[in-house]
Every structure is written in structure tokens, then in C-alpha cells.
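Q: Please take a close look at one part of this model and explain how it sits against the rest. I am a first-year student, so plain steps would help.

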Amino acid sequence: MERGIITISESGKVNISSGNVWMSEMELVELFGVAAPTLRAIIRAIYKSGTLNPATTQRCDFATPKSWATFYNLEVIIALAFRLNSYKACKIRQNVLNSLCQRKKADINLLISLINKHLKQQKV
């Protein structure tokens with residue numbers, strides 16, 4: 001499984017690698033700087049509330065050739081960032097909000113085709 005991860009540098013810069021972001025529980029514990037039981041409890045709360053569906057946001061795969069791990073996608077990571085109260089979660093929240101606010105508004109091209117049905121019928 002090719003996957004991207006999120007890291008935070010010592011200076012606090014959030015780096016999101018290209019590709020599909022999927023991170024294991026241990027990677028998320030390190031990313032957010034929280035204890036594993038805290039992380040698991042918040043993931044359970046997110047799923048219990050119905051905010052996200054585990055069928056589409058988590059999957060089990062090999063972490064190493066001999067061990068399995070559960071991986072969570074970017075939706076779960078963002079939801080965790082908004083539920084956790086840690087310095088690293090705050091940095092990820094800021095990065096997500098800055099990315100949303102700095103998106104340039106796309107121009108909308110609208111093509112309107114006006115056909116006079118009366119003229120069209122006469123030509124036939």
C-alpha cells in the first residue's frame with residue numbers, strides 16, 4: 001500500500017506528503033503527541049457520533065511483513081486535529097484552515113447555448 005503521511009518539523013511546520021494519506025495508530029500518537037488510549041477513545045467517539053464511517057476511513061494492512069495495523073485516512077486525521085487539545089493538533093488545525101482560506105476562487109466558465117426552436121424546426 002503506497003501511502004502518504006503527515007509530519008511536523010521541530011520548527012512547527014506541517015508537511016503533508018503527496019499521495020493518499022493513511023497513518024497508523026502509532027504514527028498518529030507521535031503526530032499529535034498524545035497517549036494511545038486517548039487517541040483510541042477519540043476515534044471511537046468520532047465513529048460513534050456518526051461523523052465518519054469506519055468502512056471508508058480505516059483499513060487494516062501490513063505495517064511490517066509480519067504484523068498488521070489499522071490505518072486511518074486524512075478525514076480521520078483532520079477530525080482528530082479538531083478534537084484533540086495538543087500543540088501539534090493546533091498546528092495541523094491551523095494548516096488545514098490556512099489551506100482552505102487561501103484557496104483561490106476558481107473562475108466559473110458558463111456556456112449558454114441559445115437555440116431558437118422555431119428556427120430549428122423550419123430548417124428541417
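**Helix α2 and what surrounds it**

A: The 14 residues of α2 should span 20 Å at 1.5 Å a residue, and its end C-alpha atoms are 20 Å apart, which agrees. Keep in mind that this is a predicted model.

Start with the side of α2 that is hidden. Its buried residues are A36, L39, I42, I43, I46 and Y47. Looking down the axis of α2, these buried residues fall within an arc of 135°, so they line one face of the helix. The face turned away from that buried side carries the exposed residues P37, R44 and K48.

What lies over the buried face? The cover on the buried residues of α2 includes α1, α3, β4 (58–64), β5 (67–73) and α4.

Next, consider the nonpolar interior. In soluble globular proteins, nonpolar side chains tend to be buried together. Here the largest nonpolar core has 27 residues, and those with the most contacts inside it are L28, L31, F32, L39 and L80. Two or more residues of this core come from each of β1, α1, α2, α4 and α5. The largest share, six residues, is from α2. L39, one of the buried residues of α2, is thus also among the residues with the most contacts inside the core.

L31, another of those with the most contacts in the core, shows what such a position touches. Setting aside residues up to four places away in sequence, L31 touches I6, T7, I8, M23, I77, K88 and I92. Of these, I92 is one of the buried residues of α5.

Helix α5 (residues 87–101) can be read in the way α2 was. It has 15 residues and reaches 21 Å from its first C-alpha to its last, close to the 21 Å expected at 1.5 Å a residue. Its buried residues are A89, I92, R93 and V96. They cover an arc of only 100° around the axis, which puts them on the same side of α5. The face turned away from the buried side of α5 carries the exposed residues Y87 and C101. Over the buried residues of α5 lie elements including β1 (6–8), β2 (14–16), α1 (25–32) and α4 (74–83). Both α1 and α4 are therefore listed in the cover of α5 and in that of α2, whose buried residues line one face.

Now follow the chain out of α2. The helix is followed by G50, whose phi is positive, near 85°. Further along, N53 is found in the loop between α2 (36–49) and α3 (54–57). Is N53 buried or exposed? It is partly exposed, with a relative accessible area of 41%. A polar atom of the N53 side chain lies 3.0 Å from the backbone nitrogen of A55. The C-alpha atoms of N53 and V76 are separated by 9.5 Å, although the two residues are 23 residues apart along the chain.

Two cysteines complete the picture. A disulfide is a covalent bond between the sulfur atoms of two cysteines. The structure holds zero disulfides. C60 counts as exposed, at 52% relative accessibility. C101, on the outward face of α5, is exposed with a relative accessible area of 65%.

Technical notes. Residues are numbered from 1 along each chain as its sequence is written. This is a predicted model: local features need pLDDT of at least 70, side-chain atom pairs count only at pLDDT 80 or more; totals for chains, interfaces and linings use all residues. Side-chain values use heavy atoms; hydrogens and water are left out. Helices (H or I, at least four residues) and strands (E, at least two) are DSSP runs, numbered from the N terminus. The expected span of a helix is 1.5 Å times one less than its number of residues. Buried means under 20% relative accessible area, exposed over 50%, partly exposed in between (1.4 Å probe, protein chains only). The arc is that of the directions from the helix axis to the C-beta atoms. Contact means heavy atoms within 4.5 Å. A polar contact is a pair of N or O atoms within 3.5 Å; within protein, one must be able to donate a hydrogen and the other to accept it, and residues adjacent in sequence count only if both atoms are side-chain atoms. A nonpolar core is a set of buried Ala, Val, Leu, Ile, Met, Phe, Trp, Tyr and Cys residues joined through side-chain atoms within 4.5 Å. A disulfide is a pair of cysteine sulfur atoms within 2.5 Å.
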